[in-house]
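Good morning, and thank you for making the time. I would like to walk through one chain with you, beginning at a single loop and working outwards.

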Amino acid sequence: MTRIVVVGSINMDLVTLAPRFAGPGETLTGDRFLTIPGGKGANQAVAAARLGASVSMVGCVGDDAFGKQLYDGLVAEGVDVTHVTRVDGIGSGTASITVAGGENSIVVVPAANGRVAAAQVEAARKLIRGADAVLVQLEIPLDAVDATLRIAQDEGVPVILNPAPAQLLPVEWLSRVRFLTPNQHELATVLGADGDTDFRELMRRAPCPVVLTRGEDGAWFRDKDDEPKHQIGFKVDAVDSTGAGDTFNAALAVYLAEGLDVAVRKACAAAAIAVSRLGAQGGMPRADEVAAFLETHP
């Protein structure tokens, strides 16, 4: 069984389904409201667990009602929460999400996620040492991200860094990454490059291997000095794109031992299934569903 450690955010998603996105100063009547566990870290942990991996989460929740729900939800998905800390006197992270026409807009309030610290990651060093891969994102403080990259490198464990929300990152950080998994905008931001630069050129400039997600176009990937390769996207009826990128990252980590080409194809399939369903974690598939999907989508 693949062993995955996820260091990242844990949020409650406050989801409103609407006929369209509201403009500035405009009030719309929505169709439905849901509270769904989320956060890029927790999403990736749940997705990896559903795909059959043994998953451990490193992160923080608040001492509010959401915190208990989020903690219990991870336990129910089979995620090890030994290194999930409940922080007193602060609320859990939230993401206010509006879904319209299969797309979404999101406002994130980090709250307890801002308390994830380098010391907490260091306390999980033994766990990281025994992992096959580590997943980390940028919804937690950067010193915790830095500690994750440093400790994983020390222990010889590959790291998949999902650079979202995007920001300029130090070259020495990227040199520790096994795979960087941005979209085109995120890659340009991470590298401090012109956003109009061709994404294949951006991939060549990166000081680490890149797996670039491009929505319906699938993904492009480059390992070391290889030229970028393309995995076409799978056509589905999109319902909600929330969490699709997290599903992709988790699948990439789970299937990486089968080879990069296979892992990217399976990650695209898992993400396609996810966008055809409502909710971030609610739409995440299980391994048998990915296998069945690929049988009907050669």
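**A loop, its neighbours, and the whole chain**

Let me start with Ala111, which sits in the loop between β7 (103–109) and α3 (118–123), where helices (H or I, at least four residues) and strands (E, at least two) are DSSP runs, numbered from the N terminus. Although Ala111 is not a glycine, it has a positive phi of about 50°. Its relative accessible area is 26%, so Ala111 is partly exposed; here buried means under 20% relative accessible area, exposed means over 50%, and partly exposed is in between, with a 1.4 Å probe and protein chains only.

Before going further, a word on provenance: this is a predicted model, in which local features need pLDDT of at least 70 and side-chain atom pairs count only at pLDDT 80 or more, while totals for chains, interfaces and linings use all residues. Residues are numbered from 1 along each chain as its sequence is written, and side-chain values use heavy atoms, with hydrogens and water left out.

From Ala111 we can step to Ser92, which lies in the loop between β5 (80–87) and β6. Is Ser92 buried or exposed? With a relative accessible area of 5%, Ser92 is buried. Leaving aside neighbours within four places in sequence, Ser92 is in contact (heavy atoms within 4.5 Å) with Val61, Gly62, Asp64, Phe66, Gly67, Leu70, Ala111 and Ala112. The side chain of Ser92 makes a polar contact of 2.7 Å with the side chain of Asp64, and by polar contact I mean a pair of N or O atoms within 3.5 Å, of which, within protein, one must be able to donate a hydrogen and the other to accept it, residues adjacent in sequence counting only if both atoms are side-chain atoms. A polar atom of that Ser92 side chain also lies 3.1 Å from the backbone nitrogen of Gly67. Along the chain Ser92 and Asp64 are 28 residues apart, yet their C-alpha atoms are separated by 6.7 Å.

Strand β6 (residues 93–100) holds Ser96, which counts as partly exposed because its relative accessibility is 38%. Beyond four places in sequence, Ser96 is in contact with Leu14, Ser105, Ile106 and Val107. Leu14 is also among the residues touched by Leu34, together with Asp13, Val15, Leu17 and Leu278, again not counting residues up to four places away. Leu34 is found in strand β3 (residues 32–38) and is buried, with a relative accessible area of 18%. For a sense of distance, the C-alpha atoms of Leu34 and Val159, which are 125 residues apart along the chain, are separated by 33 Å.

Next, helix α1, which spans residues 40–50 and includes Arg50. Why do I call α1 largely enclosed by the rest of the structure? Because 11 of its 11 residues are buried, and these include Lys40, Asn43 and Gln44 as well as several alanines. Arg50 itself counts as buried at 14% relative accessibility, and its side chain reaches the backbone oxygen of Gln281 at 2.5 Å. Outside its sequence neighbourhood of four places, Arg50 touches Glu77, Gln281, Gly282, Met284, Pro285, Arg286 and Ala287. Just after α1, Gly52 takes a positive phi of about 105°.

Gln44 leads us to helix α9, since Asn249, in that helix (residues 244–255), touches Gln44, Leu135, Ile160, Asn162 and Thr181 when residues up to four places away are set aside. Asn249 is buried, with a relative accessible area of 2%, and a polar contact of 2.5 Å joins its side chain to that of Thr181.

One backbone detail deserves a mention: the peptide bond from Ala164 to Pro165 is cis, with omega near -5°, and Pro165 lies in the loop between β9 (159–162) and α6 (171–174).

To close, the overall picture. The chain has 11 helices and 13 strands. Its radius of gyration, 18 Å, is close to the 19 Å that the globule rule gives for 298 residues, so the chain is as compact as a globular protein of that length; the radius is taken over C-alpha atoms, and the rule is 2.2 Å times the number of residues to the power 0.38. Buried residues make up 51% of the 298, and residues 24 or more positions apart account for 66% of the contacts with a separation of 6 or more.
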